[in-house]
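The exercises below concern backbone geometry, sheet layout and model confidence. Work through each one with the structure open before reading the solution.

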Amino acid sequence: MKKTCKKLFSVVCCAAMFFNFGVYSFANELAQIEEYASERVLVSVGNAQGEPGTTVEVPVFITENPGQDTIGFYVEYDNSLSLDENATAKSFTSEIYNTAALDAVTVNTAKNPIMYSAAAVNGATSATGKVFSVFVRIPENAAVGSSYSINAYDANDTIGGCYIGTTRIPIEYENGTVTVIEPQKPVSPDECDVVVSVKEIKARPGSTVKVPVELTKNPGQSTIGFGVLYDEGLELDKNATVASLNEAKDVYNTSIGNVTINAAQNPVIYSSVSSNGDVSAVGTLFYMYLKVPENAADGTTYSVSPVAVEESIGGCFSNTDELSLGFESGCIIVDGNTKNSGDIDGDGIINRKDLMLVTKFFAGMNVQIDMINADVNGDGVVNRLDLLLISKYFAGIIKSF
Ligand SMILES: [Ca+2]
Ligand SMILES: [Ca+2]
């Protein structure tokens, strides 16, 4: 484009000079225009994709800028789109004009086309970057694959054009498009290759619940990474959660040290890499130790949800393929009457730690036990009859209380 312009101007100049010296000044003027014309400002409208009924951001950039101190132009959006005026008007950035340095920038969204104008107080700027964004909503009934134009062009009023001082610099434009894409259906975990699951657990107020995070479907994978988001009302025992890797060896044998849990943030991040190739075991990956508030009312539900995390640590892979990773959310439901007979420490699980604790209790040692769960025969008192039943349970003589 630039080359074509130059050629055209030089032919005109030569013709003018050769045949009639009287138009020399005219030719000179053309030469001057050519000089500026070879330096253009390029305004580029970006492209966006969105589902019907969603709002998308269409950024507007200055991608070529030889240096200017005033610019004004129009951006017109297809009338089928509805503008988020507020978000658009506030969206101007400081990449080219620094509003903190009193550069005057306005995005007038009152009409279509939108008017962008900016003026520098500190002289010319040759920066490039985003100037503002058009936030538009795609109609609910938009056809998948259809597209809407977002066009930029010269403003013909007093604030349009581009200048350095009083010299006008031409602006060229690249238009943008909003393309309508198919709505993404929520993927059911059943449809995924690998499923991470947290169940629903009942717990009394003030109790610390040991929430298993389990792999329930696993065709064979060697790398997995995800997060577990827990309700802010719950208090995470970070140390116990990280240390739970030593308890949960259903899937990975953590002695080889390739499993990590970052409990410093919410979601807690779990990641593991098998050094022995694909593993197809299912079971508990780790436990979240979550304390229910003392004053939590019955029926209160606290969510504990496995979630996808950023690509660098998330996802699931076998030695040869990327596998789709699905999640089943769980929760802790507060129930003051909930009873888990035999769970002497009240952590939600019955294991040998409970047997050790109840033994210490009956030996007269100063330990805290859950008196409701310890009354395994439900006669209202905790006594040696309960200890006998608990011992039988752990000896495998009885299967339940
Ligand atoms: Ca227990
Ligand atoms: Ca009892």
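**Exercise 1.** Decide whether L102 is buried or exposed, and place L102 in the chain.

Solution. This is a predicted model. Step one: L102 has 11 C-beta neighbours inside 10 Å. Step two: the cut-off for exposed is 12 or fewer, so L102 counts as exposed. Step three: L102 belongs to the loop between helix 3 (85-89) and strand 6. Its phi, near 70°, is positive although L102 is not glycine. Most residues other than glycine have a negative phi.

**Exercise 2.** Find the loops that hold P113 and P267, and give the state of the peptide bond before each proline.

Solution. Start with P113, in the loop between strand 6 (104-108) and strand 7 (114-119). The bond from N112 to P113 is cis, with omega near 15°. Next, P267 sits in the loop between strand 19 (259-262) and strand 20 (268-273). The bond from N266 to P267 is cis, also with omega near 15°.

**Exercise 3.** Work out which strands stand at the edges of the open sheet of 5 strands.

Solution. The strand order is 5-8-3-1-12, with mixed pairing. Strand 5 (82-83) and strand 12 (171-174) each have a single partner strand, so one side of each lacks a neighbour in the sheet. Further in, strand 3 (residues 55-64) and strand 8 (residues 129-137) run antiparallel, joined by 8 bridges. V60 is opposite F132 in strand 8.

**Exercise 4.** Assess the confidence of the protein chain.

Solution. Mean pLDDT is 87, and 89% of residues reach 70 or more. Residues 1-26 fall below 50, with 15 contacts in the model beyond near neighbours in sequence. Where pLDDT is low, predicted coordinates should not be read in detail.

Definitions and conventions. Residues numbered from 1 in each chain as written. Chains lettered and ligands numbered in written order. Predicted model: local features only at pLDDT ≥ 70, side-chain atom pairs only at ≥ 80, totals over all residues. Helix = DSSP H or I, 4+ residues; strand = E, 2+ residues; numbered from the N terminus. Buried ≥ 20, exposed ≤ 12 C-beta atoms within 10 Å, placed from the backbone. pLDDT = per-residue confidence, 0-100. Contact = placed C-beta atoms within 7 Å. Pairing = 2+ DSSP bridges.
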